[in-house]
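Me: I am new to this structure. Please take me through some of the labels used for it, and show the reasoning behind each.

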Amino acid sequence: MAEVPGLINAWVSQRDLAARYGCPTGTLAVELDKRNEGGLDVEAGKVIRLLLTWVECQFRELGQPNPENLALTLVGAYQGMSLLANALRESGIAQREGDRLLVWLDSLEAN
């Protein structure tokens with residue numbers, strides 16, 4: 001499961017950018033969803049779906065129950081930390097959430 005902690009660490013390493021701009025993909029998906037359906041909004045959603053699928057596969061390989069739900073939790077936490085870091089202009093939010101997610105992952109592996 002070294003890939004998922006690495007992903008979290010990569011997100012945290014970009015905390016200053018997240019505080020300034022939020023998640024580029026999430027922000028783009030939200031903005032594009034305000035337009036007519038069936039265009040670029042679908043394409044932006046595919047990028048997020050690709051991340052969810054990859055994370056789900058990581059949890060499945062570990063034999064975790066409900067890998068779909070765990071993937072939603074992880075990606076949702078990332079989107080939330082990016083949004084809050086951006087809205088409050090506090091990069092420390094991403095650091096704290098990243099640390100919390102790493103502890104959460106460790107607790108899953110222990111079970």
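Me: Why are α1 and α5 called roughly parallel to each other?

Reply: A word first: this is a predicted model. The axes of helix α1 (residues 3-13) and helix α5 (residues 67-88) cross at roughly 10°. Angles under 35 degrees count as roughly parallel. Therefore α1 and α5 are roughly parallel to each other. Their axes come within 12 Å.

Me: Which residues make the contact of α1 with α5?

Reply: From α1 come V4, I8 and W11. From α5 come L74, Y78 and M81.

Me: What makes that contact nonpolar by class?

Reply: Val, Ile, Trp, Leu, Tyr and Met are among the residues that count as nonpolar. The contact of α1 with α5 has six nonpolar residues, with no polar and no charged ones.

Me: How do you know that the buried residues of α1 line one face of the helix?

Reply: The buried residues in α1 are V4, L7, I8, W11 and V12. Seen down the axis of α1, they fall within an arc of 135°, so they line one face. A general rule fits here. An α-helix has 3.6 residues a turn, so residues three or four places apart point the same way.

Me: What covers the buried residues of α1?

Reply: The cover includes α2 (15-21), α4 (40-61), α5 and α6 (91-110).

Me: Now Q64, in the loop between α4 and α5. Why does Q64 count as buried or exposed?

Reply: Q64 has 14% relative accessibility. Buried means under 20%. Therefore Q64 counts as buried.

Me: What is Q64 in contact with, leaving aside its neighbours within four places in sequence?

Reply: Q64 is in contact with F59, L70, L108 and E109. The side chain of Q64 also reaches the backbone oxygen of L108 at 3.1 Å. A polar contact needs a pair of N or O atoms within 3.5 Å.

Me: Which class of exposure does N66 fall into, and why?

Reply: N66 is in the loop between α4 and α5. Its relative accessibility is 48%. Buried is under 20%, exposed is over 50%, and partly exposed lies in between. So N66 counts as partly exposed.

Me: And why is R89 put in its class?

Reply: R89 is in the loop between α5 and α6. Its relative accessible area is 52%. Exposed means over 50%. Therefore R89 is exposed.

Me: What makes the phi of N66 worth a remark?

Reply: Most residues other than glycine have a negative phi. Phi of N66 is near 55°, a positive value in a residue other than glycine. Phi of R89 is near 55° too, again positive in a residue other than glycine.

Terms used
Residues numbered from 1 in each chain as written. Predicted model: local features only at pLDDT ≥ 70, side-chain atom pairs only at ≥ 80, totals over all residues. Heavy atoms only, no water. Axes fitted to C-alpha atoms, helices over the stretch in contact; angles between N-to-C directions. Helix = DSSP H or I, 4+ residues; strand = E, 2+ residues; numbered from the N terminus. Parallel < 35°, antiparallel > 145°, perpendicular 65-115°, else oblique. Contact = heavy atoms within 4.5 Å. Buried < 20%, exposed > 50% of the residue type's maximum accessible area, 1.4 Å probe, protein only. Arc of directions from axis to C-beta. Polar contact = N/O pair within 3.5 Å; in protein donor to acceptor, adjacent residues only side chain to side chain.
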